[in-house]
Amino acid sequence: MIKTPSPSIFRPEGGIDQSALKEHKALVEDINRRGLLRGAVSLGALTMLTGCNVTHTDAVQSVLKRISQFNDKVQELMFRPNHLAPTFPESMVVKPPRFNAYYDIEDIAPVDAASWKLELAGKIENRKPWTAQEIYALPEEEWIVRHICVEGWDYIGQWSGVNLKQFLQRVGADLTAKYVSFKCADDYYGSIDMASALHPQTILATKYAREPITDPFGFPLRLRTATKLGFKNPKWITAIEVTNEYRGGYWEDRGFNWFSGI
Amino acid sequence: MHWINALAMILMIASGWEIYNDEVIFGWLHFPHWMTIGGGAEGALQWHFAAMWLLMINGLCYLIYGLATGRFRRKLLPVWPSEVLATVRDALRFKLGHDDITHYNAAQKLLYIGIIVVIVVQVLSGFAVWKPVQLSELATLFGSFQGSRLVHFIGMALICGFLIVHVALALLVPKTIGAMITGGPVVDGAHQGGGR
């Protein structure tokens with residue numbers, strides 16, 4: 001506050017009339033909010049002008065994250081539940097498949113099939129854990145489809161195992177729930193939307209090119225869906241949960257788009 | 001519209017380079033980090049899939065406006081090969097006139113039509129890379145997944161080439177810069193509405 005030694009003759013007695021400000025308090029706050037939005041937008045433009053590192057500020061990050069969430073919704077609308085991904089002849093199958101994880105292939109910790117169990121949680125009626133033998137006894141189907149990585153590479157793979165929709169029906173899962181989420185032996189985790197989980201080409205794979213999946217590719221059980229990017233296919237699965245809660249995923253929590261449909 | 005497109009295009013190109021760097025098509029070509037936007041693939045993808053809305057919505061408005069008002073027909077057609085050759089010949093002899101900047105010469109017409117087509121194909125190949133399964137019918141047009149990536153890359157290269165020529169020529173004829181910002185000189189009604 002600036003204090004003048006003697007009150008100005010122009011200053012009204014009893015201070016400035018504040019009634020107009022009080023009357024429009026809501027409006028003034030509203031304008032500030034709009035200003036904030038405008039600020040966020042011009043911040044994006046500013047990046048281009050200065051070339052400095054504005055792209056990592058919280059405001060920009062939060063706008064980008066919102067748009068990524070909006071893109072999840074758009075992809076949900078674009079998803080065609082019964083449209084099959086292109087399939088390929090056996091002669092095009094790449095053996096072995098291409099390895100990728102959040103660590104190098106030397107750091108793989110193989111899973112012991114004898115003690116391995118698949119746990120079930122959430123909106124599932126029969127949550128009894130499954131052994132590898134029980135999983136192997138389920139009816140199998142095979143898909144030869146393209147695997148596309150978010151990085152940009154791809155290969156044709158031949159995967160077989162139980163259809164996820166049939167498995168979820170068998171254990172009495174609530175198919176109206178929003179998400180199916182996965183936990184893995186290597187602390188990787190991920191979740192997919194129910195519509196993609198119920199797609200005909202989404203399976204719990206146990207075999208590659210008719211042989212049991214080898215250690216680097218998710219032995220004994222991994223997800224293989226033809227309608228999502230590679231990182232949406234968790235390997236070495238140890239638990240499946242059917243839920244209405246958003247569980248994110250390892251890469252998704254680091255900024256990659258959650259839906260990541262192809 | 002032009003400047004929204006310019007901003008969106010620069011964001012798309014610079015973030016696209018970072019995405020490309022994650023799995024290069026040509027072993028000899030990596031884009032220097034300082035030229036890219038996003039910091040890493042995850043950030044670059046966020047920028048790419050945000051700026052695409054700006055590019056597509058603005059581009060659609062531009063196409064609808066250009067077709068509905070007859071602006072494309074008036075300003076960009078017809079293009080005669082002989083005129084294009086004559087324009088190029090004049091340009092090489094530094095005899096090209098720029099007195100009326102509201103009127104495109106034949107080489108300009110050809111380039112502007114070309115870049116509109118390239119950007120439309122670029123959006124389509126982008127969809128093919130993004131949704132090779134949901135839009136498998138479209139993706140088939142570009143061959144394999146890597147085919148779509150290659151077309152998307154070539155589209156980027158053509159747009160960059162256009163950008164360099166476009167900016168260089170605009171700088172050579174400085175009065176066009178003012179027009180690009182203000183919307184150009186006022187033309188009388190007869191000229192504007194009078195077909196070509």
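The paragraphs below go through a predicted model, beginning with chain A, moving on to the salt bridges and ending with the helices and surface of chain B.

Chain A holds six helices and 10 strands. It has 262 residues, of which 45% count as buried. Its accessible surface comes to about 14500 Å², and carbon and sulfur atoms account for 56% of that area. The contacts can also be sorted by sequence separation: of those in chain A between residues at least 6 apart, 68% join residues at least 24 apart.

Five of the strands of chain A form an open sheet with mixed pairing, in the order β2-β1-β10-β5-β6. The edges of this sheet are β2 (130-131) and β6 (189-193) of chain A, each of which pairs on one side only. Within the sheet, strand β1 (residues 117-122) of chain A runs parallel to strand β10 (residues 237-243) of chain A, with four bridges between them. One position to locate in this pairing is L120(A), which stands opposite I240(A) in β10(A).

A second place to look is the hairpin of β3(A) and β4(A). Strand β3 (residues 141-148) of chain A is mostly covered, with six of its eight residues buried. It runs antiparallel to strand β4 (residues 154-163) of chain A, and eight bridges join the two. I144(A) has Q158(A) in β4(A) as its bridge partner. Five residues lie between the strands of the hairpin, and G152(A) there takes a positive phi near 125°.

Strands β7 and β9 of chain A make another antiparallel pair: four bridges join strand β7 (residues 202-208) of chain A to β9(A). In this pair, I203(A) stands opposite R224(A). The side chains of strand β9 (residues 222-225) of chain A alternate, with R222(A) and R224(A) pointing one way and L223(A) and T225(A) the other. All four residues are buried, the two arginines included.

The salt bridges come next. Over all chains, the structure contains 10 of them. One is formed by D154(A) and R146(A), whose closest N and O atoms are 2.4 Å apart. Both D154(A) and R146(A) are buried.

Another salt bridge links E142(A) with R210(A), where the closest N and O atoms are 2.8 Å apart. E142(A) belongs to strand β3 of chain A and R210(A) to the loop between β7 and β8 (211-212) of chain A, so this pair ties together parts that are 68 residues apart in sequence. How exposed are the two partners, E142(A) and R210(A)? E142(A) is partly exposed because its relative accessible area is 31%, and R210(A) is partly exposed at 48%. The pair also belongs to a network, in which salt bridges with shared partners join E90(A), E142(A) and R210(A).

A further salt bridge brings together the side chains of R80(A) and E137(B), at 3.0 Å from N to O. R80(A) sits in the loop between α3 (58-78) and β1 of chain A, while E137(B) is in helix α6 (residues 136-140) of chain B, so the pair joins two chains. R80(A) has a relative accessible area of 30% and is therefore partly exposed. E137(B) is partly exposed too, with a value of 48%.

In chain B, two helices can be checked against their expected spans. Helix α2 (residues 41-68) of chain B has 28 residues and should span 40 Å at 1.5 Å a residue; its end C-alpha atoms are 39 Å apart, so the two values agree. Just after α2(B), G70(B) takes a positive phi of about 80°. Helix α4 (residues 81-92) of chain B has 12 residues and reaches 17 Å from its first C-alpha to its last, close to the expected 16 Å. A positive phi follows this helix as well: F94(B), just after α4(B), has a value of about 55°.

The last feature is on the surface of chain B. I10(B), L163(B), V167(B) and L171(B) make a nonpolar patch of about 340 Å². Three residues of the patch, its largest share, come from helix α7 (residues 145-172) of chain B. L163(B) is found in this helix. Why does L163(B) count as partly exposed? The reason is that L163(B) has a relative accessibility of 33%, and partly exposed covers values between under 20% for buried and over 50% for exposed. As for the spacing along a helix, an α-helix has 3.6 residues a turn, so residues three or four places apart point the same way.

How values were computed
Residues numbered from 1 in each chain as written. Chains lettered and ligands numbered in written order. Predicted model: local features only at pLDDT ≥ 70, side-chain atom pairs only at ≥ 80, totals over all residues. Heavy atoms only, no water. Expected span 1.5 Å × (residues − 1). Buried < 20%, exposed > 50% of the residue type's maximum accessible area, 1.4 Å probe, protein only. Pairing = 2+ DSSP bridges. Patch = residues over 30% accessible without salt bridge, like charges linked within 9 Å, V, L, I, M, F, W, Y side chains within 5 Å. Areas by Shrake-Rupley, 256 points an atom, 1.4 Å probe, with all protein chains shown as cover. Salt bridge = Lys/Arg side-chain N within 4 Å of Asp/Glu carboxyl O. Contact = heavy atoms within 4.5 Å.
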